[in-house]
Amino acid sequence: MSAVQLTYEQLKAYEGRSTSAAAVGKDPVNEPMIRHWCEAVGDTNPAYQGPDAIAPPTMLQAWTMGGLSGHTDRSGAYDELSGLLDSAGYTSIVATDCEQEYLRPLRPGDRITFDAVIESVSERKTTKLGTGYFITTRMDIHADGERAGTHRFRVLKYDPAVRKRDAAARTPEAAERTPEAAERTPEAAERTPEETAERPQAYRQPQVPQRPSASQRPSASQRSQAPDQPRARRPRPVINRDNAGFWEGVRGHRLLIQRCTGCRTLRFPWLPGCNACGSAEWETVEASGAGTVFSYVVMHHPPFPAFTASEHGTAAPRPQANTPRPHAGALGPAPDAPAPDAPAPDAPAPDGPTPYAVGLIELAEGVRIVSNVIGVPYDKVRIGMPVRLEFLRVDEELELPVFRAAEGGEG
């Protein structure tokens with residue numbers, strides 16, 4: 001589709017247009033759906049059980065969903081607006097946030113109807129993802145004709161930011177050159193060992209984990225836990241050519257940050273190119289390990305056996321180490337154990353799911369990473385709290401960077 005020029009007035013004209021009117025929920029509020037929802041999120045609130053049960057308020061949108069077959073009563077206004085933006089080059093979309101307002105509880109047997117409109121279209125905005133428009137839809141939800149709540153959903157329709165590519169990387173010769181072939185060039189043959197060691201780590205192949213030494217293997221008490229059942233293991237991080245150097249650093253208790261050799265911009269997590277100038281050339285710097293809690297969440301549900309306190313680990317402090325961002329699936333509660341054979345004094349009971357804090361840590365170098373906050377109870381973590389990098393061995397193969405609240409951090 002050829003690109004077209006849009007005026008903001010064209011987009012503004014869609015505000016207030018209905019996307020569905022007097023639509024009917026496919027099912028009334030019912031106990032089985034409430035039970036499935038509560039089981040999925042681990043919510044045992046007694047208000048959602050028994051003869052006087054109500055539906056969890058956060059299920060508000062669930063009763064309006066169309067399922068795989070969808071709804072047949074949509075007006076087409078939203079699709080028309082989306083198509084108009086597509087034609088102008090704003091072809092990508094990402095959900096940004098939602099807001100819900102609860103006006104009355106929903107109870108089994110309530111029949112759900114709803115009306116939806118395009119509430120607003122923003123002026124053109126420039127974000128790190130690209131330039132585009134925020135579109136907000138508002139859904140007013142009724143139960144047996146009585147207003148029950150409002151659900152707002154916002155997306156960004158955008159034109160992805162163009163990344164400059166190194167001109168050499170676009171040549172057919174560069175496309176055909178493998179890392180191994182690059183090492184066979186005359187220039188490579190003339191490099192000294194020192195020059196070779198200073199090359200960007202992005203060109204190194206992922207390392208195969210080595211067999212752990214005797215000191216790294218689980219202790220006798222760990223091996224004795226649940227002898228009849230294999231112990232649940234944390235999800236493995238995905239290691240590929242782009243991030244292998246980071247995980248190699250973690251194995252050496254070093255937190256490595258990428259730095260563009262063109263514009264000197266630091267970046268984290270690891271990427272194959274610079275967001276600022278597009279250069280594909282980079283080097284690494286080791287983080288000092290100092291940081292502060294920029295933001296955090298406390299994870300309660302769903303419970304996952306590998307993330308309970310029964311999985312003992314040892315945290316090794318590295319005063320001058322740096323912690324890159326691990327794969328999100330690898331993180332979980334980090335028991336604060338002084339030794340492999342002794343449960344941590346501030347760790348929760350070992351036989352059940354445990355709330356734990358996951359923080360967005362701003363490093364002293366200026367980049368931010370996501371990891372667990374340990375050393376204080378989860379409800380004592382605070383924004384601005386100073387933290388220090390450590391490395392936690394969670395099993396015989398996996399070690400993760402975590403952050404311990406600095407002494408006096410609660411104050």
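Where does Pro-269 lie? Keep that one in mind while you find the residue on your screens. Pro-269 sits in the loop between strand 8 and strand 9. A cis peptide bond joins Phe-268 to this proline, with omega at about 5 degrees. Most peptide bonds are trans, and most residues other than glycine have a negative phi. We will come back to that second point in a few minutes.

Hi everyone. Before going on, please remember that we are looking at a predicted model.

Let's take the whole chain next. The chain holds nine helices and 15 strands. Of its 411 residues, 37% count as buried. The accessible surface comes to about 22600 Å², and carbon and sulfur atoms hold 53% of that. Now think about contacts between residues with a separation of 6 or more: 73% of those come from residues 24 or more positions apart.

Now for the inside. Which residues touch the most other members of the largest nonpolar core? They are Ile-361 and Leu-363, in a core of 32 residues. Several elements each supply at least two residues to this core, among them helix 9 (244-251), strand 7 (256-260), strand 12 (356-363) and strand 15 (399-405). There is also a second, separate core of 17 residues, including Cys-38, Leu-106, Ala-116 and Met-139.

Let's stay with helix 9 for a moment. Six of its eight residues are buried, so the helix is mostly covered. Those buried residues are Ala-244, Gly-245, Phe-246, Trp-247, Gly-249 and Val-250. What do the buried residues of helix 9 pack against? Their partners are strand 7, strand 14 and strand 15.

Just after helix 9 comes His-253, in the loop that leads to strand 7. Here is the phi point I promised. His-253 has a positive phi of about 55 degrees, although it is not a glycine. Is His-253 buried or exposed? Its relative accessibility is 16%, and because buried means under 20%, His-253 counts as buried.

Arg-264 is another residue other than glycine with a positive phi, near 70 degrees. You can find Arg-264 in the loop between strand 7 and strand 8. With 45% relative accessibility, this arginine counts as partly exposed.

That loop brings us to a small topic of its own, the sheet around it. Three strands form an open sheet in the order 8-7-9, with antiparallel pairing. Why do strand 8 (266-267) and strand 9 each have one side without a neighbour in the sheet? Both stand at the edges with a single partner strand, so one side of each is left free of a neighbour there. Strand 7 and strand 8 run antiparallel and are joined by two bridges. If you want a pair to look for, Arg-259 stands opposite Leu-266 in strand 8.

Next, the cysteines. How many disulfides does a search of the whole structure find? The search finds zero. Cys-263 shows us the reasoning nicely. The closest cysteine sulfur to its own is in Cys-274, 3.6 Å away, and a disulfide needs the two sulfurs within 2.5 Å, so this pair is too far apart for a bond. Cys-263 is partly exposed at 32% relative accessibility, whereas Cys-38 is buried at 9%.

Let's finish with helix 3 (residues 77-87) and its surroundings. Its buried residues include Tyr-78, Leu-81, Leu-84 and Leu-85. The cover over the buried residues of helix 3 includes helix 1 (8-12), strand 1 (18-24), strand 3 (112-121) and strand 6 (146-160). Just after this helix, Gly-89 takes a positive phi of about 100 degrees.

In strand 1 you will find Thr-19, which is buried at 9% relative accessibility. Among the residues Thr-19 touches are Asp-73, Arg-74, Tyr-78 and Ala-116.

Last stop: His-71, in the loop between helix 2 (31-41) and helix 3. At 24% relative accessibility, His-71 counts as partly exposed. Its contacts include Val-24, Lys-26, Met-65 and Phe-114. How many residues apart are His-71 and Ser-20 in sequence? They are 51 residues apart in sequence, and 9.1 Å apart in space from C-alpha to C-alpha.

That's my tour. Thanks for listening!

Terms used:
Residues are numbered from 1 along each chain as its sequence is written. This is a predicted model: local features need pLDDT of at least 70, side-chain atom pairs count only at pLDDT 80 or more; totals for chains, interfaces and linings use all residues. Side-chain values use heavy atoms; hydrogens and water are left out. Buried means under 20% relative accessible area, exposed over 50%, partly exposed in between (1.4 Å probe, protein chains only). Helices (H or I, at least four residues) and strands (E, at least two) are DSSP runs, numbered from the N terminus. Contact means heavy atoms within 4.5 Å. Accessible areas come from the Shrake-Rupley method with a 1.4 Å probe; for residues, only the protein chains shown count as cover. A nonpolar core is a set of buried Ala, Val, Leu, Ile, Met, Phe, Trp, Tyr and Cys residues joined through side-chain atoms within 4.5 Å. Two strands pair if DSSP finds at least two bridges between them. Lists of a residue's contacts leave out its neighbours within four places in sequence.
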